[in-house]
Amino acid sequence: MLPVNPFTPGTQNHLLYESLKEMGAITTREIHRLGCDTARLRSNIRPMLRVHGLDYRCKYLEPGNRLYELTT
């Protein structure tokens, strides 16, 4: 079970974490469609996940598009 979203509703962090939690994976293109940037995953969401023994892996799909997938 994934932890409750600790980020303030309406923020990029909150939106990204909810999307990642719901789908289990998200692409760079989906992140950009949400109006967010991938730096939020690295700087804010990954540290929160690691506290709970979780992480994500990044897989190259094509130029400019990567898949970010939750891992345990």
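Which residue does Cys58 stand opposite in β3? I looked this up before anything else, and the residue opposite Cys58 is Tyr68. I note here that the model is predicted.

**Entry: the sheet**

I traced the strands next. Three of them form an open sheet in the order β1-β3-β2, and the pairing is antiparallel. β1 and β2 (55-62) stand at the edges with a single partner strand each, so each has one side without a neighbour in the sheet. I read an average twist of 20 degrees from one strand to the next.

I then went through the pairing of β2 with β3 (residues 65-71), which is antiparallel and runs over seven bridges. Within this pairing, Tyr56 has Leu70 in β3 as its bridge partner. The two strands form a hairpin with two residues between them. In the turn I checked Gly64, which has a positive phi of about 80 degrees.

**Entry: helices on the sheet**

Helix α1 (residues 12-23) packs on the sheet and touches β1 and β3. I noted about 120 degrees between the direction of α1 and that of β1. Helix α3 (residues 39-51) lies across β2 and β3, and I noted about 140 degrees between α3 and β2.

**Entry: aromatic pairs**

How many aromatic pairs does a search of the whole structure find? I got two. In one of them, the ring centres of Phe7 and Tyr17 are 6.5 Å apart and the planes are at 70 degrees, so I list the pair as edge-to-face. Phe7 is in the segment before α1 and Tyr17 is in helix α1, 10 residues apart, so I also record that this pair links distant parts of the chain. I looked up burial for both: Phe7 is buried at 16% relative accessibility, and Tyr17 is buried at 1%.

Tyr56 and Tyr68 also form an edge-to-face pair, with 5.6 Å centre to centre and 70 degrees between the planes. Tyr56 lies in strand β2 and Tyr68 in strand β3, so this pair ties together parts 12 residues apart in sequence. I found Tyr56 buried, and Tyr68 buried as well. Over the ring of Tyr56 sits the charged end of Arg46, 4.0 Å from the ring centre.

**Entry: cysteines**

I counted disulfides and came to zero. Cys36 is in none, with the nearest cysteine sulfur, that of Cys58, 16 Å away. Why does Cys58 form no bond with Cys36? The sulfur of Cys58 is 16 Å from that of Cys36, the closest cysteine sulfur, and this is too far for a bond, because a disulfide needs the two sulfur atoms within 2.5 Å. I also compared burial: Cys36 is buried at 6% relative accessibility, whereas Cys58 is partly exposed at 41%.

**Entry: Thr27 and Arg29**

Is Thr27 buried or exposed? I have it as buried, at 14% relative accessibility. Thr27 is found in strand β1 (residues 25-27). Leaving aside neighbours within four places in sequence, I list Leu61, Asn65, Arg66 and Leu67 as the contacts of Thr27.

Arg29 is found in helix α2 (residues 28-33). I have Arg29 as partly exposed, with a relative accessible area of 40%. Not counting residues up to four places away in sequence, Arg29 touches Glu62 and Asn65. I last looked up Arg29 against Arg66: they are 37 residues apart in sequence and 8.0 Å apart in space, C-alpha to C-alpha.

Note on methods: Residues are numbered from 1 along each chain as its sequence is written. This is a predicted model: local features need pLDDT of at least 70, side-chain atom pairs count only at pLDDT 80 or more; totals for chains, interfaces and linings use all residues. Side-chain values use heavy atoms; hydrogens and water are left out. Helices (H or I, at least four residues) and strands (E, at least two) are DSSP runs, numbered from the N terminus. Buried means under 20% relative accessible area, exposed over 50%, partly exposed in between (1.4 Å probe, protein chains only). Contact means heavy atoms within 4.5 Å. Two strands pair if DSSP finds at least two bridges between them. Axes are lines fitted to C-alpha atoms, for helices over the stretch in contact, and angles run from 0 to 180 degrees between N-to-C directions. Rings of Phe, Tyr and Trp (its six-membered ring) pair if their centres lie within 6.5 Å; planes under 30 degrees apart count as stacked, over 60 as edge-to-face and the rest as tilted. A charge sits over a ring if NZ of Lys or CZ of Arg is within 6 Å of the ring centre and within 35 degrees of the ring normal.
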